[in-house]
Amino acid sequence: MNHFNYRENDLYCEDVAVKEIAQKVGTPFYLYSHATLARHIRHFQKAFAAVPHLVCFSAKANSNLAVMKVFVNAGAGVDIVSGGELFRALRAGCDPGKIVYSGVGKTEDEIIAALRNGIMMFNVESAAELEKINEVAGTLGVKAPIALRVNPDVDPQTHPYISTGMKKAKFGINIAQALEEYQRAQSLPHIQVVGVDCHIGSQLTSLSPFVDAIAKIRTLVSTLKAEGADLRYLDLGGGLGITYNNEMPPDLEDYAAAIQKATSDLSVTLVFEPGRVLVGNAGILVCRTLYVKKGEIKTFVITDAGMNDLIRPSLYGSYHGLMAVDRSVDERGTMVADVVGPICESGDFLAQDREIPAFETGDLIAVTSAGAYGFTMSSNYNSRPRVPEIMVQGERVMTVRQRETFEDLVRGETIPEDI
Ligand SMILES: *Cc1c(COP(=O)(O)O)cnc(C)c1O
């Protein structure tokens, strides 16, 4: 469910017509619905209300401060993967005691910052990283709370670039070595073992990989407890999928029921790191048709948004819906076209061979389900300023990130004398 709907012919975000925002801020821009964000976090928390749990929003899906603040207001924590995300989470007002830190390549400086701020736990991804955290914590005179990210070797049946829980992945510690690694962690003076973690992939559309993963790690949890480890958290990562086109991801209630059933006897606090499911359908990218170019074989709709603004179609071959912001365009009928951006790359497309409304120059297009991994993966490629992020709350329109300027593009650059 989301708050992007037509009233008469006009696409609205909550109580504001999208075309009015386009008039005010220009195109392209990302547009988020506050009500959808708030609804999604509450829905997730409610699904697990019967058991001790903490929802830590995965910042990399959408790290805008205002977006994070909506979740922080609802009592959520944040799952971070860099020092920059730590900075953002704190700036958004997140309680450091609700921050979990994942990722395979944490640097010494990042570990120091996380320890100084007193985060909830590190999700440790290798033996070498465990050593490093122990050493840094020793220097600071503290104990680092950790979980090991266990790789349960299950196939999440999703795109290979977003599968993380199979043996061949760079992520986590192989389940076969996990117990031994935990025993080593227990013996390190500056490490405090507090949890077990796993995250097997993203955009999962069936429950079985989640259930299979739990089946594989639950023995580890009980063995560790039996050995006297003070295990408080079982972090099950994120990964629940959304509908982009015709996918049928599980309902949150079914996801919650399956997980609660599989973990009911473990007496741990469940931790979740959802990203996409909270923000994906809470955001759209709005762009304008610049030209329609009829080639010999193909028709191209050229928009002012390119792969630097939304890279998912180019990177993963992902599907995003394309809707006319003014639905009267539909009366012109449809055509089959490639919808492409202005970037000098043949991989620069939003859709290929898609049946779409017969867009003409000037038409606004809403690229749907763009709230996750949209703006955060955007870049300045082709020296294009990054687009603004707008949030609507009821009738209120808020610019939560300004459009970059040309000056922003060269900030930090210098031309040394005499070159
Ligand atoms: C990306 C990521 C997530 C969020 O994944 P979604 O599919 O967006 O829910 C959670 N945890 C970790 C460790 C991640 O890398």
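This passage describes how the two domains of the protein meet. The model is predicted.

The domain assignment divides the protein into two parts. Domain 1 is made of two segments, 4-32 and 280-410. Domain 2 spans 34-276. In sequence, domain 2 therefore falls between the two segments of domain 1, given the bounds of the assignment. The C-alpha centres of domain 1 and domain 2 are 32 Å apart.

The interface draws on 23 residues of domain 1, in contact with 23 residues of domain 2. Together the two domains bury about 2,000 Å². Of this area, 55% lies on carbon and sulfur atoms. Three tyrosines stand out on the side of domain 1: Tyr316, Tyr319 and Tyr373. They supply 28% of the area that domain 1 buries against domain 2. No other three residues supply more.

Polar contacts also cross the interface. The rule finds 14 residue pairs in polar contact between domain 1 and domain 2. By contrast, zero salt bridges are found across this interface.

Three elements each give two or more residues to the side of domain 1 that touches domain 2. They are the helix α11 (312-316) and the strands β20 (389-393) and β21 (396-401). The strand β20 gives the most, with four residues. By residue class, this side of domain 1 comprises 10 nonpolar, nine polar and four charged residues.

Terms used:
Residues numbered from 1 in each chain as written. Predicted model: local features only at pLDDT ≥ 70, side-chain atom pairs only at ≥ 80, totals over all residues. Heavy atoms only, no water. Contact = heavy atoms within 4.5 Å. Buried area = accessible area lost by both parts, 1.4 Å probe. Salt bridge = Lys/Arg side-chain N within 4 Å of Asp/Glu carboxyl O. Polar contact = N/O pair within 3.5 Å; in protein donor to acceptor, adjacent residues only side chain to side chain. Nonpolar A, V, L, I, M, F, W, Y, C, P; charged D, E, K, R; others polar.
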